[in-house]
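Q: I should like to learn how to read the features of a protein structure. May we work through one example together?

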Amino acid sequence: MNPQFDLGDLRQLYIAQPEPTSVRILALTLCTAFLVAVLVLVRRGKLREEYTPIWTSVAVATMIATVWFDVVRLLTRLVGAWTPSSTLFFFGLLFLLVVSLNYAVRLSGMSTQVKLLAQEVALLRARLAAAEARGAGPTPQLPAGSAAASRDRE
Amino acid sequence: MAPPTETIRGSLLVIPALNEARSIAQVIRGVRDSGAEVDVLVIDDGSRDDTARIARESGAAVVSHPFNLGYGAALQTGYKYAVRAGYATVVQMDADGQHDPADIPRLLAPVCGGEADLVIGSRFVQASDYEMGSVRSGARRFFTFLLVLLGGPRVADPTSGLQALSRPVFRFCCSDFYPTDFPDIDVLLLLHRQGFRIHEVPVRMRPSPPERRTMHAGLRALYYPYKMLLSTFRSWLTPRASPLAD
């Protein structure tokens, strides 16, 4: 005779399963190491302070979830998942997507800034070369020999 | 203190060039020989060969990007140069010898005459023996259709690099909206929606040298239609009375 399971009860069983202490210790250790790494990168000047809030927030949130695992169980019930680990994967992936999009936006802005700077450098170098060719200060806008410059002189 | 008044000069020919050492001297010589009254400006877009030196020795003004920025960015550098130097009109042509400098006066005439703000040198406005591959030809037809569908101008050759622009147009194109890679129907649609008048004149073009790697080759051939659809959609959504016009 096949035993009959109530899926709702089975799901509650999955959600309520105790979190092994070893996993908690591992998570806390990793989060602490991550926080220390962020601080070291800031101290060495390799990570700007403005980029740190998101990483410190994630590390602290993960530590809180590790200590009070009922938060994860509550989230699991809310999102309709079966296991806390699924919930963690779901929010982890969501976080990575949002962070990636955020960096793509920042990268786009910086690409525009780099393009503008490179164009300015190129235009200023041309202007300087033209001024040097004339033996004058860097005031003229036009390169020596151009028809418009010739018209100006006439 | 009153702001300085601009002195408006003649026409500037902008030639964006990337590794065109073999053809750039001939192109500049062709412009000189054609008798077109234009100043020649070569935008060296981070070439690894002697393009800049040869162009300078051929009598052109040269602006060199410190590294490769893209065809659209090179054109935009030329527009910025023209704005600062006070040119009234800009003509742009490719550095591979595909375009005939003898067409420059015919391109400039409608702009200087106040009939148009942007004039495109078209391979297809009249019967032409110019041969385009079937894939590129199909893409051109599709984008031409799309341009009209979105309320843009009816243009036979939207990807032509031979164009003449009035000062308001190239000043407008100095804005950040201008693409760094392929300024094609997205720009035409945006300019049309801003109220600029776009005309075409028939020109003859030689085929690109076979060894030349075009900007639509390789993986870019896949990226181009995707990017063009997206940026055209963006142009379509840009309000007609855009603050970009300032």
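A: Let us begin with a term: a polar contact is a pair of N or O atoms within 3.5 Å; within protein, one must be able to donate a hydrogen and the other to accept it, and residues adjacent in sequence count only if both atoms are side-chain atoms. This is a predicted model, in which local features need pLDDT of at least 70 and side-chain atom pairs count only at pLDDT 80 or more, while totals for chains, interfaces and linings use all residues. Residues are numbered from 1 along each chain as its sequence is written, chains are lettered from A and ligands numbered from 1 in the order in which they are written, and side-chain values use heavy atoms, with hydrogens and water left out.

Q: How many residue pairs are in polar contact between chain B and chain A?

A: Seven residue pairs, both members at pLDDT 80 or more, are in polar contact between these chains. Helices (H or I, at least four residues) and strands (E, at least two) are DSSP runs, numbered from the N terminus. On the side of chain B that touches chain A, strand S1 (9-17), strand S3 (61-64) and helix H3 (71-85) of chain B each supply at least two residues. H3(B) gives the most, with seven residues.

Q: Which side chains meet in a salt bridge with a distance of 2.3 Å, N to O?

A: Side chains of opposite charge can pair when their charged atoms come close. The rule for a salt bridge asks for a side-chain nitrogen of Lys or Arg within 4 Å of a carboxyl oxygen of Asp or Glu. Arg84(B) and Glu120(A) satisfy it at 2.3 Å, N to O, and the interface of chain B and chain A has one salt bridge. Over all chains, the search finds ten. Among them is the pair Arg73(A) and Asp70(A), with the closest N and O atoms 2.9 Å apart. Both residues lie in helix H4 (residues 70-79) of chain A, three residues apart, about one turn of the helix.

Q: What is the order of the strands in the open sheet of chain B?

A: Strands of a sheet pair through backbone hydrogen bonds, either parallel or antiparallel. Two strands count as paired if DSSP finds at least two bridges between them. In chain B, seven strands form an open sheet in the order S3-S2-S1-S4-S6-S5-S7, with mixed pairing. Its edge strands are S3 and strand S7 (198-202) of chain B, each pairing on one side only. Strand S2 (residues 38-44) of chain B pairs with S3(B) in the parallel sense over four bridges.
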